[in-house]
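Colleague: I am new to this structure and would love a close look at one part: the place where the two chains meet, along with the charged pairs. Could you walk me through it?

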Amino acid sequence: MPSSTSHFEPAPPGLARMVLGFTLLAWVACAAYTLWLNPSVHFFRHAARVKQNYLAGLDAAHTNKVVVYGGSSSAFAINGQAMWREEGVPAANLGLAADYGALFLTRWAMAGARSGDMLIVALEPGLLTRPLEHSSEAVQISYALGRPGLLRDLDGSSVLPLGSQLLRLRPDARHMVTLLGKLAGRRPLFRYRTQDVRPDGQVTTSVRLPISGPPERGAELSPDARRLLEGLRQWSARHGVRVAYSLPRGYAPEETIQSFRQANAGFLHEIAAYLPVLKDQTLGASSLRDDFADTNWHLTEAAALARSRELARQIKSWQIWTPDELAALSARP
Amino acid sequence: MNFAEVRFWELLLAGLGVIALARWPLARQRPGALPAFDRGALCALGLFLLACVSWLTVTIFLGVAVCSYYGLRWIVANHTRGHAWYLLVLIPLQLLPLFYYKYSHFVANQVLGLEVDYFRGLLIPVGISFYTFQMVGFVVDTLAFKHPLPSFLDFLNFASFFPQIVAGPIERRDVLLPQVQRFAFQWSWRNLDQGAGWIVAGLFFKCCLADNLAAFIHRENTVNAWAIWADNLLFGLRIYYDFAGYSLVAVGLGECMGVRLTLNFLSPYCSTSIGEFWRRWHITLSQWFRDYVYIPLGGGRTRYWALTVAVVFVVSGIWHGAGWGFVLWGALHGGYLIVNRLWSSRFRLPRPAAWLLTNTAAMGAWLAFYEVRSGFLQAKIQTLLAPGSYSWNNLRALWSQWDATSQAVLVLLLGLAGATLVAEWRSVAGRNEPYYYLRRPVVLCVLVALTLLLAPGVNNAFIYFAF
């Protein structure tokens, strides 16, 4: 056995330069794939541009508007055209993907809101109960949109060093294995197609998959989330933007729906300490299996239409839960 | 000082940039001052990087260093005989911060049962177990072999050489001190060529293998023996790739600076006996315990050798962490070694069987290492000993806990881990040069590509930072 202080054979001359050069080339290739070819980034970049265009149209046509944002539950649930056509509420759906995290999604939505607008926070509870670190997906979409500034904190400070951001412009093991599996099986590389994004930014799908529920329950807000909500509250006061929270609707089987609602009421009670909470009597739960498409957060088009109408009515009449009501609901056996 | 974070490399490059800027005019105007400047700059760089971890970390490091050096100087200057008695004072003084930060809560609450909350929130300063042991070794070597005392600057460079200060290798005086005494910033491509392979291999181990494997360790299942063995195996692989990865990057950084560090790992999972395992796993710590604890207690030539082995391994377990699980882990390895020594002269297993037995024992012992919840540990041990929990249904349940993508990722990772273990084994057994095959230029390109394609986007701290 060689000693632990063995003499190492001299490395070939130029090895360091070769390794550095190859690393740089490989990183450039990974970044190019991520920004232009990654199916998920490609889809959401398209969706984001459609949403921005619709938003610009609303800005041109209306003095004030409503901006609804969150993860994919919002992307699927909000029909902005119907909210305007049927309820007279000009609304933009800025929902993207939960993978992007609460901080990125909030920054993205804030950039679309102007003084006098109303911002409806519809972030999934799971996004507000864990630390708000930027995911690789958030870094990738922000660069794909050409807006790395969206990775900053609410106060504009840097959250992730530039070097760490650049190193996240690459795939990972899960992505590679999934991609190779789909290529080998000749399956679509991404479940949703660009045609699934309607002109108002709502995402729809014809895919139907077995669903079991309930999704992640409302739980205690993380310290990061409290900081985010407080920052959002202060920002809204400074910029004249009205902010409220609306819990996304998830599927819960009949036998668990009461406990799911109870947990959600406790979660909303915590939210109410920072933002008004719109009074959705369902408390974010539905046991109608047919209302959901491919996950227990993604509403079908018909269910999204109903949810959008209800949301528009809640906004118009400014129906909000009081903290006492939520406390009572969360304590109910 | 996490080599897997971009921030470390940014800080290192910034520090080296400042040194280069300051060195350039000096080299033109006062070349005679360069040797002193270089050693001073190396020390400043090490302390700067440590201070970037936290002020507490650098303050405690300096406290231990000052205590070690000036305590030793006082002994050397004033007492030519009876050093051992003074060591009985100096070494406990050196160990005091380590004891306070790492063991006070455990001893006060779990050993003495005092229920003191004061020590609960103490954060262990990064690297304290490593640099404390390195300084203790320095003190003993200097007195035992009557070596001259170096300057305080050289001692600081010996103790704070940045590639190895936070997680080893725990270097000996005769290996590292002469190199830092003649240290000079060389800025040569030859040094970078020598270090590049180690750094790439180390980052592949850490970022691609260890960090990906970490996601598969659940630790929650207490009733399925297969799941517990899977956790043991995955943890055993993870901690190896994590720690060996760090050590390889340290060796590579040392080579880039013109300093040769000791290799800490020599394909330990290819061992065919537990004794061989410990000659290949965390080598510098094993050597430290051999030279400063095992041999002074009598070594293997006394009637009480088994007790000595047991003591050494229990202390080694405690070095890794303050908890009964670590004590059990050390005791298990001590027990393995005693049984191995007693039986090796009577039985000789075929090599494949010896390899399987050695690694099954090592993997089994990791359970006591990672499972810090005593109730869970007890339940898992009971499950491992119950034949009924090794059912076919449990095996299927283990596999089906992962979705199809996760299963494919796991198979890929285990394949890569297996391939690297074979490459390491062939490097040592076939070529007598550690990590030879992993440092070939073509293989390095493959490792770079795999790291960029497969490493997860999240950074995990090195496991051994917690020790």
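**Where chain B meets chain A**

Modeller: Happy to! In chain B, 47 residues are in contact with 38 residues of chain A, contact meaning heavy atoms within 4.5 Å. Please keep in mind that this is a predicted model, in which local features need pLDDT of at least 70 and side-chain atom pairs count only at pLDDT 80 or more, while totals for chains, interfaces and linings use all residues. Residues are numbered from 1 along each chain as its sequence is written, chains are lettered from A and ligands numbered from 1 in the order in which they are written, and side-chain values use heavy atoms, with hydrogens and water left out.

The size of an interface is often given as the accessible area lost when the parts come together. Here chain B and chain A bury about 3,600 Å² between them, 67% of it on carbon and sulfur atoms; this buried area is the accessible area (1.4 Å probe) lost on being put together, summed over both parts.

Now to the polar side of the interface. Between the chains the count is 1 salt bridge, that is, a side-chain nitrogen of Lys or Arg within 4 Å of a carboxyl oxygen of Asp or Glu. B:D403 and A:R174 form it, with 3.2 Å from N to O. By class, the side of chain B that touches chain A has 26 nonpolar, 10 polar and 11 charged residues (Ala, Val, Leu, Ile, Met, Phe, Trp, Tyr, Cys and Pro count as nonpolar, Asp, Glu, Lys and Arg as charged, and the others, Gly among them, as polar).

Looking beyond the interface, the structure holds 31 salt bridges over all chains. One of them pairs A:E86 with A:R85, their closest N and O atoms being 3.7 Å apart. A:E86 counts as partly exposed at 34% relative accessibility, whereas A:R85, at 58%, counts as exposed; the classes are buried under 20% relative accessible area, exposed over 50% and partly exposed in between (1.4 Å probe, protein chains only).

Next along the chain, A:E87 is buried, with a relative accessible area of 13%, and its side chain meets that of A:K316 in a salt bridge of 3.0 Å, N to O. Another salt bridge joins the side chains of A:R191 and A:D294 at 2.8 Å, N to O. Of these partners, A:R191 is partly exposed, at 39%, and A:D294 is buried, at 4%. Finally, salt bridges that share partners join A:D59, A:K65, A:R114 and A:D117 into one network.

Terms used. Buried area = accessible area lost by both parts, 1.4 Å probe.
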